[in-house]
Amino acid sequence: MAVTRRGLLGAAITVAFAAVVPALAVAAPTVSSFTPSSGGFGTVVTINGSGFTGATAVKFDGSGATFSVLSATQISATVPVSAGTGPI
């Protein structure tokens with residue numbers, strides 16, 4: 001499962017995760033906000049929302065990012081070099 005949210009100028013943040021127990025229905029994650037709203041590679045972005053437990057990937061415009069799930073409602077991710085610079 002994955003959820004994508006677009007920023008002001010259309011750049012995308014995608015959060016993906018796999019269900020740990022396939023027999024259980026798992027709600028898709030939602031992204032409600034993120035900060036900062038722009039930045040270049042190496043910028044640490046805080047992603048807020050819900051359903052982040054078990055996240056398996058975070059992408060900025062399709063480029064995989066290193067990330068840490070801080071809680072079920074927050075992820076910290078670093079913008080990769082391949083994502084470029086600009087609004088999120």
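Reader: Why does S63 count as buried or exposed in this model?

Author: The model is a predicted one. S63 has a relative accessibility of 12%, and buried means under 20%, so S63 counts as buried. The residue belongs to strand β7.

Reader: What does S63 touch, leaving aside residues up to four places away in sequence?

Author: S63 touches V58, P80, S82 and A83. With S82 there is also a link between side chains, a polar contact of 3.0 Å.

Reader: What makes the link between the side chains of S63 and S82 a polar contact?

Author: A polar contact requires a pair of N or O atoms within 3.5 Å. The side chains of S63 and S82 are joined at 3.0 Å, and the pair therefore qualifies as a polar contact.

Reader: Why is G62 called buried, partly exposed or exposed?

Author: The relative accessibility of G62 is 55%, and exposed means over 50%, so G62 counts as exposed. G62 is located in the loop between β6 and β7. Its C-alpha atom is separated by 9.1 Å from that of S82, 20 residues apart along the chain.

Reader: Which class of exposure applies to D61, and why?

Author: D61 has a relative accessibility of 48%. Partly exposed covers the values between buried, under 20%, and exposed, over 50%; D61 therefore counts as partly exposed. Like G62, D61 is found in the loop between β6 (55-60) and β7 (63-64).

Reader: What makes the backbone of D61 worth a remark?

Author: The phi of D61 is positive, about 50 degrees, although D61 is not a glycine. Most residues other than glycine have a negative phi.

Reader: How do you know that the peptide bond between T35 and P36 is cis?

Author: Its omega is about -5 degrees, and the bond joining T35 and P36 is cis. Most peptide bonds are trans. P36 lies in the loop between β3 (30-35) and β4 (38-39).

Reader: How many helices and strands does the protein chain have?

Author: The protein chain has 0 helices and 10 strands. Of its 88 residues, buried ones make up 34%. Among contacts with a separation of 6 or more, 47% are between residues 24 or more positions apart. The chain exposes about 4700 Å², of which carbon and sulfur atoms supply 60%.

Reader: What makes β3 and β8 edge strands of the open sheet?

Author: The open sheet has 4 strands in the order β3-β5-β9-β8, with antiparallel pairing. β3 and β8 (66-71) each pair on one side only, and these are the edge strands. Neighbouring strands of this sheet are turned by 25 degrees against each other on average, direction ignored.

Reader: Why are β5 and β9 said to pair?

Author: Two strands pair if at least two bridges are found between them. β5 and β9 have 5 bridges, in the antiparallel sense, and therefore meet that condition. V44 stands opposite T78 in β9.

Reader: Which residues touch the most other members of the largest nonpolar core?

Author: They are V15, I47, V58, F60 and I75, in a core of 14 residues. At least two core residues come from each of β2 (12-17), β3, β5 (44-50), β6 and β9 (74-78). The largest share, 3 residues, is supplied by β6.

Reader: What makes V58 eligible for such a core?

Author: A nonpolar core takes buried residues of listed types, Val among them, joined through side-chain atoms within 4.5 Å. V58 is one of the 14 members, and V58 therefore counts as a buried residue joined to others in this way. V58 is also one of the residues that S63 touches.

Note on methods. Residues are numbered from 1 along each chain as its sequence is written. This is a predicted model: local features need pLDDT of at least 70, side-chain atom pairs count only at pLDDT 80 or more; totals for chains, interfaces and linings use all residues. Side-chain values use heavy atoms; hydrogens and water are left out. Buried means under 20% relative accessible area, exposed over 50%, partly exposed in between (1.4 Å probe, protein chains only). A polar contact is a pair of N or O atoms within 3.5 Å; within protein, one must be able to donate a hydrogen and the other to accept it, and residues adjacent in sequence count only if both atoms are side-chain atoms. Contact means heavy atoms within 4.5 Å. Accessible areas come from the Shrake-Rupley method with a 1.4 Å probe; for residues, only the protein chains shown count as cover. Axes are lines fitted to C-alpha atoms, for helices over the stretch in contact, and angles run from 0 to 180 degrees between N-to-C directions.
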